Amino acid sequence: MPKILVIPGDGIGVEVTAVSIDLLNIIERKSGTKFEIEEGLFGGSSIDAHGIPLTDEVKDKALDSDAVLLGAVGGPKWENLEHSLKPESGLLTLRKELDAFANLRPAIVYPALVDASTLKKEIVEGVDIMVVRELTGGIYFGQPRGIEPIAGGEQKGVNTLHYTSSEIERVARVAFQIAEKRNKHVTSIDKSNVLESMVLWRDTVTELREKEFSHIELEHLYVDNAAMQLIRRPKTFDVMLAGNMFGDIISDEAAQLTGSLGMLPSASVGNKGAIYEPVHGSAPDIAGQDIANPIASILSLSMMLKYSFNMDKESGMIEQAVKNTLDKGFRTADIYQEGTNKVGCREIGSAICGEFENL
Ligand code: NAD
């Protein structure tokens, strides 16, 4: 039986994951596929219960599962802990343990939400981008790191950016393979005009394309230019490939094209498992109010069915149920426009579950 570890996490992570679990129960019933579903504490909730963001028990359960469905972690309560005890540090450890090296973040502008974007309709209409972000290397993991005292009573903060050619090649291969099934265009993002690690990035991506993917078009952009072009001509992008930090920033910018972080799912796939989670965080500003948008979590579940369990039909049905619900005018506060029906997290969740049942 396929195994799923569900980790709701903190803040709105708990609220949006509850909706996805309701939907998963319906999917099990409709498809006849049974999942072994376990739950685990992670992030702030694990710190409160066990003093650390990720216990060995939960880590082992994650390694033993076929897929992990995560909500979000973090919040002001745990913000001032030392780095290794912060909820976000548990998230980085989990990704590293699962060797989930490629983070896939689709940014799609739904026709019903085209006016929710802060950009003009004619710029964002039809945007459909997949950001592929390297997730287990780069400056978020590089050693040495830390803050140390130096002469004169000053302090020095240090982080290190390094990539090996094999780390670059494996994530670039994922980007090219995804582009093969889409519009056959990859934009690789770097800062090779300033950073040696990024010269290697550009050379490695170029070589891989020449060796294995000469049928895919490859464009290179410096990250500062990419940030500008993404709001100037978003429709021209298909797959955007970037390292860990640049990908983190570019994928949030792509998120804004769609109008709300609450609409964006992600998949982190690798050698020992896969994590599916919304792009957004725990949103402490709206947590506990039943106003969060659960669609990013629901679409993360849809990606899980597609990429981990080959359930393309059910994955497509989830997307259709979301579209139908939006077309009927249901909106959470973050995507609300005049003339539509503003509802809470649970209510839009029930509407999506109802649409799914009726497909
Ligand atoms: P955030 O994504 O939590 O929130 C940013 C803004 O978007 C907030 O105004 C929030 O209300 C809104 N928002 C986010 N998701 C929403 C949703 N589903 N529906 C409606 N509105 C939504 O980012 P932040 O405020 O920078 O971070 C809050 C906490 O989350 C921090 O502790 C941060 O470290 C953590 N975080 C965790 C993850 C993760 O678990 N993967 C990712 C990002 C941030």
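How many residues surround the ligand, and which are the closest? In this predicted model, the ligand is surrounded by 21 residues, and the closest are Val73, Glu88, Gly281, Ala283 and Asp285.

**First stop: the ligand**

Select the ligand together with the residues around it. The shell consists of 10 nonpolar, 7 polar and 4 charged residues. Next, display the side chain of Asp285, where a polar atom lies 2.8 Å from an oxygen atom of the ligand. Move then to the backbone of Ser282: an N or O atom there is 3.1 Å from an oxygen atom of the ligand. His280 provides a further pair, since a polar atom of its side chain lies 3.3 Å from a nitrogen atom of the ligand. The ligand taken alone exposes 800 Å², of which the protein buries 69%.

**Second stop: helix H9**

Select residues 244-257, which form helix H9. Does the distance between the end C-alpha atoms of H9 agree or disagree with the span expected from its 14 residues? At 1.5 Å a residue the helix should span 20 Å, and the end C-alpha atoms are 20 Å apart, so the two values agree. Now colour the buried residues of H9, namely Asn244, Phe246, Gly247, Ile250, Ser251, Glu253, Ala254, Ala255 and Leu257. When viewing them, it is useful to recall that an α-helix has 3.6 residues a turn, so residues three or four places apart point the same way. After H9, select Gly259, which follows the helix and has a positive phi, near 105°.

**Third stop: Arg232 in helix H8**

Proceed to helix H8, residues 223-232, in which Arg232 lies. Is Arg232 buried or exposed? Arg232 counts as exposed because its relative accessibility is 58%, and the cut-off for exposed is over 50%. Show its side chain together with that of Gln229, to which it is joined by a polar contact of 2.7 Å. Then add Val124: its C-alpha atom is separated from that of Arg232 by 9.5 Å, although the two residues are 108 residues apart along the chain.

**Fourth stop: Ser46 in helix H2**

Select residues 44-50, helix H2, and centre the view on Ser46. Ser46 has a relative accessible area of 0% and is therefore buried. A polar atom of the Ser46 side chain lies 3.4 Å from the backbone oxygen of Pro53. Beyond its neighbours within four places in sequence, Ser46 is in contact with Leu41, Gly51, Ile52, Pro53, Leu54 and Thr55.

**Fifth stop: Thr332 in a loop**

Turn to the loop between strand E13 (330-331) and strand E14 (341-342), where Thr332 is located. Thr332 counts as buried, at 0% relative accessibility. Which side chains make polar contacts with that of Thr332? Display Asp334, whose side chain is joined to that of Thr332 by a polar contact of 2.6 Å, and Asn293, whose side chain makes a polar contact of 3.4 Å with Thr332. Leaving aside neighbours within four places in sequence, the contacts of Thr332 include Ile291, Pro294, Val343, Cys345 and Ile348.

**Final stop: Val239 in strand E10**

Select strand E10, residues 239-242, and locate Val239. With 0% relative accessibility, Val239 counts as buried. Show the residues that it touches, not counting those up to four places away in sequence; among them are Met130, Val132, Ala175, Ile178, His185 and Val186. To conclude, select Gly329, which is 90 residues from Val239 along the chain; their C-alpha atoms are separated by 30 Å.

Conventions. Residues numbered from 1 in each chain as written. Predicted model: local features only at pLDDT ≥ 70, side-chain atom pairs only at ≥ 80, totals over all residues. Heavy atoms only, no water. Near = heavy atom within 4 Å. Polar contact = N/O pair within 3.5 Å; in protein donor to acceptor, adjacent residues only side chain to side chain. Areas by Shrake-Rupley, 256 points an atom, 1.4 Å probe, with all protein chains shown as cover. Nonpolar A, V, L, I, M, F, W, Y, C, P; charged D, E, K, R; others polar. Helix = DSSP H or I, 4+ residues; strand = E, 2+ residues; numbered from the N terminus. Expected span 1.5 Å × (residues − 1). Buried < 20%, exposed > 50% of the residue type's maximum accessible area, 1.4 Å probe, protein only. Contact = heavy atoms within 4.5 Å.
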